[in-house]
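I opened this model to look up its cores, its rings and a handful of single residues. My entries follow in the order I made them.

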Amino acid sequence: MGIFSKKRKTDEPGVKSSDSSDVTLTNEKQFYSKPTGLRLFTACLYLIALVFLILVEIGNISNKAIIRQTYFLKIDLANIIPETVPNANLINTIAQSIGLHDFYQVGLWNYCAGNNGEGITTCSSHKAGYWFNPVQIILSELLSGASIALPTNVVSALSLVHTASTWMFACFMVGTCLTFLCIFLAPLGFSKKPRWSHKAKRIFGRSLPITILTFLAIVFW
């Protein structure tokens with residue numbers, strides 16, 4: 001009787017000690033907190049990427065601070081001839097004297113033109129799938145009676161520029177939409193419950209589609 005009376009209740013079948021339960025709860029809290037932190041971190045990264053994508057896409061659409069400083073291409077016609085060439089300053093003024101601007105900036109939606117010392121003076125209207133046609137712009141801005149001879153290879157390359165611009169516009173739009181979706185869907189790839197018996201189901205049911213989505217978003221960037 002004395003031996004059985006000294007047996008602790010915690011050793012009885014089906015009864016767990018308070019220490020083991022506390023350790024289990026602590027481990028569960030740590031496990032559940034990690035996916036939540038990773039989800040927030042992932043969502044913040046994609047949100048930052050979306051903001052930068054939008055800033056790049058709206059660049060050069062108007063003559064405003066920051067926006068006018070973001071562009072894909074800038075053509076400078078004011079200093080074509082190096083200063084080491086005799087009468088370089090006189091030659092460089094020819095472009096403006098026949099009606100052309102000193103520089104042209106190309107964005108995703110339009111182009112802007114301006115002169116040195118004045119800044120941007122004009123911007124074209126916005127157009128989806130816009131492509132920069134320097135030949136058409138230069139010829140349209142020449143003063144009446146003025147003409148300019150363009151190399152044949154420049155004219156033949158315009159079709160390639162048109163195709164590349166169309167694809168670039170489409171990639172930016174698709175990349176922006178996919179990045180927006182990744183803000184909400186990519187964090188779901190971090191599972192909270194370690195169900196190793198259903199690992200294959202979790203990979204092909206959730207992780208694989210999200211991986212493909214994030215990969216496509218990076219490709220279209």
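**Cores.** I looked up the largest nonpolar core and found 11 residues in it: Leu77, Leu100, Tyr104, Val106, Tyr111, Ala113, Tyr130, Phe132, Ile137, Ile138 and Leu142. A nonpolar core here is a set of buried Ala, Val, Leu, Ile, Met, Phe, Trp, Tyr and Cys residues joined through side-chain atoms within 4.5 Å. Buried means under 20% relative accessible area, exposed over 50%, and partly exposed in between, with a 1.4 Å probe and protein chains only. At least two residues of this core come from each of β2, β3 and α5 (134-141). Another core, of nine residues, lies apart from it, and Leu50, Leu178, Cys182 and Ile210 are among its members.

**Ground rules.** I note that this is a predicted model, in which local features need pLDDT of at least 70, side-chain atom pairs count only at pLDDT 80 or more, and totals for chains, interfaces and linings use all residues. Residues are numbered from 1 along each chain as its sequence is written, and side-chain values use heavy atoms, with hydrogens and water left out.

**Chain.** I read eight helices and four strands, in the order α-α-β-α-α-β-β-β-α-α-α-α from the N terminus. Both kinds of element are DSSP runs numbered from the N terminus: helices are H or I with at least four residues, strands E with at least two. The chain has 221 residues, of which 26% are buried. Its accessible surface is about 15200 Å², and carbon and sulfur atoms hold 66% of that; the areas come from the Shrake-Rupley method with a 1.4 Å probe, and for residues only the protein chains shown count as cover. Of the contacts between residues at least 6 apart in sequence, 61% join residues at least 24 apart. Contact means heavy atoms within 4.5 Å.

**Rings.** I searched the whole structure for aromatic pairs and got five. Among them is Tyr104 with Tyr111, a tilted pair at 6.3 Å centre to centre with 40° between the planes. The rule takes rings of Phe, Tyr and Trp (its six-membered ring) with centres within 6.5 Å; planes under 30 degrees apart are stacked, over 60 edge-to-face, and the rest tilted. Tyr104 and Tyr111 are both buried, and with Phe132 they form one aromatic cluster. I also found Lys74 over the face of Phe103, at 4.7 Å from the ring centre. That label requires NZ of Lys or CZ of Arg within 6 Å of the ring centre and within 35 degrees of the ring normal.

**Ile75.** Is Ile75 buried or exposed? I get a value in between: Ile75 counts as partly exposed because its relative accessible area is 26%. Ile75 is in strand β1 (residues 73-76). Beyond four places in sequence, its contacts are Asp102, Phe103, Tyr104 and Phe132.

**Asn110 and Tyr130.** I placed Asn110 in the loop between β2 (103-106) and β3 (111-115). Its relative accessible area is 0%, so Asn110 counts as buried. What does the side chain of Asn110 reach? I find the backbone oxygen of Ser124, at 3.1 Å. A polar contact is a pair of N or O atoms within 3.5 Å; within protein, one must be able to donate a hydrogen and the other to accept it, and residues adjacent in sequence count only if both atoms are side-chain atoms. Leaving aside neighbours within four places in sequence, Asn110 is in contact with residues including Asn60, Cys123, His126 and Tyr130. On the same basis, the list for Tyr130 includes Val106, Trp109, Asn110 and Ile137.

**Thr179.** I located Thr179 in helix α7 (residues 158-185). Thr179 counts as buried because its relative accessibility is 0%. Its side chain reaches the backbone oxygen of Gly175 at 2.7 Å. Outside four places in sequence, Thr179 is in contact with Tyr46, Ala49, Leu50, Leu53, Ala217 and Trp221.

**Pro187.** I found Pro187 in the loop between α7 and α8 (199-220), and at 7% relative accessibility it counts as buried. The C-alpha atoms of Pro187 and Thr42 are separated by 6.0 Å, with these positions 145 residues apart along the chain counted as their separation. Not counting residues up to four places away, Pro187 touches Arg39, Thr42, Ala43 and Cys182.
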